[in-house]
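Please examine the sequence and the three-dimensional model shown below. The explanation after it moves from the overall division of the chain to individual residues.

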Amino acid sequence: MCGIIGYSGTANAVPKMMKGLSLLEYRGYDSVGLAAQVGDEVKLVKCKGRIGVLEEKLRDAPVEGSSCAIGHTRWATHGAPSDVNAHPHRVGGVTLVHNGIIENYKALAGALEAQGVVFASQTDTEVAAALIDACYRRTGDPVAAIRQATAHMRGAYAFGILFDGQKGRIYAVRRGSPLILAKGQDGYYIASDITALLPFTREYHAMDEGEIVCLSGQTATCYDEKGDTFTPVFQKTTLTPEAAQKGGYPHFMLKEIYEQPRAAAGCVSPRVNAAGLPDFSADGVDAAFLSGVRQVHIVACGSAVHAGYLGARFFEDIAGIPASVYIASEYRYHPPLSGEKTLVLVISQSGETADTLAALRYAKEKGLPTLAVVNAVETTIAREADRRVYTYAGPEIAVATTKGYCTQVAALWALAAAAGLANGHADADTARAVVKGLVEDAPAAMKTMLAQRDTFAAAAKGLADHEHVFYIGRGADYALAMEAALKLKEISYVHCEAYAAGELKHGTISLIEPGTPVLVLATDPALFEKTESNLREVRSRGAYVILLCREDAAVTADAADRVIRLPQTSPAATLFAALVAVQCIAYETAVFLGCDVDRPRNLAKSVTVE
Ligand code: F6R
């Protein structure tokens with residue numbers, strides 16, 4: 001979602017803003033802007049649209065001589081994308097950028113309007129700026145103003161703020177939305193995530209809830225929630241600047257698809273012990289803990305919840321533990337039955353998804369043990385969960401997840417095997433086979449699929465001009481079908497639905513017309529015959545059928561228009577090969593249709609609002 005960057009130091013601030021903003025693009029945005037201190041003035045440049053529009057504005061009216069600036073990419077929530085709604089917002093002596101949502105902004109705006117404030121935009125952010133300005137005028141002290149103003153705000157926020165009269169200083173505060181302070185050779189920075197700062201520095205401090213920071217060129221002063229100052233501890237990210245570059249690929253999404261063989265192995269290998277068995281004790285998830293789990297609630301959003309549907313199957317099949325899956329935004333409204341031995345397992349690539357975080361906090365309030373499967377390290381979900389398993393996929397820049405999802409599935413599969421081993425439901429051979437499947441067979445199978453990109457490009461052409469596309473499958477294939485359908489529709493805008501293969505005939509089959517593409521996932525030999533019957537049902541109604549099945553599946557020549565064969569070294573090999581196939585089909589369809597693959601319309605990478 002929205003992105004923040006700020007810099008105060010000895011170097012020219014505007015080029016740093018532009019570079020940082022370009023690295024925040026991946027989060028998804030519809031307007032962009034910056035504010036730079038120049039002498040005693042604050043210069044504001046902002047616009048609807050992409051960074052190129054901002055660059056043009058700066059070419060026409062350059063902002064020079066600034067070494068202290070804040071910048072922002074906005075993903076609209078309150079107020080349409082427009083020049084006036086773009087950040088930074090300036091009210092009186094306060095200029096700020098904001099991530100998050102001030103939920104009670106209407107009440108705050110009403111009170112401020114009664115005092116004569118006139119708002120120019122439709123945003124909650126301008127209301128926050130006006131409130132901080134009112135407090136600054138009363139106190140003359142930025143930190144006191146921030147504390148007073150935020151005490152009246154409900155919701156989530158990360159602010160980067162310039163105060164008039166505070167030359168060379170940026171103030172920042174966060175609650176609910178992430179923000180980091182970073183230390184470079186030539187000054188200090190703030191950013192919504194470290195990716196934006198990789199060309200400048202790798203040393204960062206993740207700000208805590210309610211923390212306030214004042215940074216200048218030489219110093220950074222941190223205030224905890226109570227107002228006491230403390231010395232921040234900086235850590236070094238292992239990410240390199242290359243991690244945020246395309247490395248020769250036309251899109252980040254394709255690069256990330258190709259990274260999956262290494263990512264899956266890299267996620268599981270550190271959790272394999274000398275006996276070749278899954279072992280998460282270094283993550284604080286040891287056999288004693290796992291053997292006590294009697295029930296699992298898996299809670300997540302979007303693709304992560306799709307990974308959860310597979311995860312639930314793994315926990316039930318391999319560990320014999322009943323597992324239910326919940327969409328995070330619904331978890332609190334229908335509190336599921338749980339006992340004290342219910343583990344709430346949340347899954348999140350970004351570690352910042354607001355709905356997942358809210359569900360996690362709800363589970364903690366109920367006193368349930370929590371475990372987070374997270375990719376981005378040191379993020380709010382990772383920090384707040386009782387235990388965390390990092391998926392080590394590295395930064396995912398494309399908005400549509402690929403390697404994030406892939407590693408979530410791998411981690412859940414290995415975790416379920418560890419749980420089965422711990423509670424005695426699985427024997428060592430079973431657990432060892434799971435690990436081998438994930439570390440060896442799946443990466444090899446994914447590579448095999450990646451060598452056949454032409455096949456996927458050809459399949460994609462058959463989908464591009466259709467009103468409806470369907471993915472169908474049974475069992476684990478149905479769970480994968482959900483991810484496949486989401487992938488296709490979110491980046492190519494071709495409407496696609498996933499159906500349990502047996503369910504289509506209970507209504508939706510009426511949408512099948514001659515030529516309607518139906519992609520049939522049939523990777524499980526035990527379910528192949530039944531799925532094939534469902535394939536026949538749609539084929540006899542004229543559907544254009546693409547079948548994805550194992551190498552040994554007995555497929556007659558008339559069964560499908562196109563057959564994509566998948567390696568069958570192990571169940572993991574087949575499943576992950578199918579994953580790569582559906583991702584590549586979505587990718588090639590989007591490329592064929594000329595879509596903005598890495599930044600699909602209306603979407604944000606990290607969804608930090610509920
Ligand atoms: C789809 C996609 C989203 C995310 C969802 C959860 O490609 O990326 O559906 O999976 O927004 O995000 P995280 O995993 O960051 O919590």
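The following paragraphs treat the domains, the nonpolar cores, the ligand site and several single residues in turn.

The structure is a predicted model. Its protein chain is divided into three parts: domain 1 spans residues 3-244, domain 2 spans 252-447, and domain 3 spans 453-592. Taken over C-alpha atoms, the centres of domain 1 and domain 3 are separated by 46 Å.

The interior may be considered next. In soluble globular proteins, nonpolar side chains tend to be buried together. In this model, the largest nonpolar core contains 132 residues, and the members that touch the most others are Y471 and F576. Helix α18 (residues 571-592) provides the largest share of this core, namely 15 residues. With neighbours within four places in sequence left aside, F576 is in contact with C406, V409, A410, W413, L438, A442 and M446. There is also a second, separate core, which has 33 residues; among them are A128, A129, C214 and Y223.

The ligand site offers another point of reference. Which residues are closest to the ligand? It is surrounded by 15 residues, of which S348, Q349, S350, T353 and E490 are the closest. Two helices, α9 (302-319) and α16 (476-492), each supply at least two residues of the surrounding shell. Polar contacts can be traced on the side chains and on the backbone. A polar side-chain atom of S348 is placed 2.6 Å from an oxygen atom of the ligand, and for E490 a polar side-chain atom likewise lies 2.6 Å from a ligand oxygen. At T401 the partner is a polar backbone atom, 3.0 Å from an oxygen atom of the ligand. On its own the ligand has 400 Å² of accessible area, and the protein covers 89% of this.

Attention now turns to helix α5 and the loop that comes after this helix. T150 is found in α5, which comprises residues 142-151. Because its relative accessible area is 12%, T150 is classed as buried. A polar atom of the T150 side chain lies 2.7 Å from the backbone oxygen of I146. Beyond residues up to four places away in sequence, T150 touches Y157, F159 and V173. M153 lies in the loop between α5 and β7 (155-163). Is M153 buried or exposed? M153 counts as buried, since its relative accessibility is 9%. With residues up to four places away in sequence not counted, M153 touches I102, N104, L108, A128, L131, I132 and F159. One of these contacts, A128, belongs to the second core, and F159 is also touched by T150. The C-alpha atoms of M153 and D133 are 14 Å apart, with their positions 20 residues apart along the chain.

Finally, several backbone features deserve inspection. H87 and P88 are joined by a cis peptide bond, with omega about 0 degrees; P88 is located in the loop between β4 (68-74) and β5 (89-91). Y392, a residue other than glycine, has a positive phi near 55 degrees. The loop between β20 (387-390) and α13 (403-423) holds Y392, whose relative accessible area of 42% makes this residue partly exposed. N602 also has a positive phi, near 65 degrees, and is likewise not a glycine. N602 is placed in the segment after α18 and is exposed, with a relative accessible area of 65%.

Methods. Residues are numbered from 1 along each chain as its sequence is written. This is a predicted model: local features need pLDDT of at least 70, side-chain atom pairs count only at pLDDT 80 or more; totals for chains, interfaces and linings use all residues. Side-chain values use heavy atoms; hydrogens and water are left out. Helices (H or I, at least four residues) and strands (E, at least two) are DSSP runs, numbered from the N terminus. Buried means under 20% relative accessible area, exposed over 50%, partly exposed in between (1.4 Å probe, protein chains only). A polar contact is a pair of N or O atoms within 3.5 Å; within protein, one must be able to donate a hydrogen and the other to accept it, and residues adjacent in sequence count only if both atoms are side-chain atoms. Contact means heavy atoms within 4.5 Å. Domain bounds come from an automatic or database domain assignment. A nonpolar core is a set of buried Ala, Val, Leu, Ile, Met, Phe, Trp, Tyr and Cys residues joined through side-chain atoms within 4.5 Å. A residue is near a molecule or strand if one of its heavy atoms lies within 4 Å of it. Accessible areas come from the Shrake-Rupley method with a 1.4 Å probe; for residues, only the protein chains shown count as cover.
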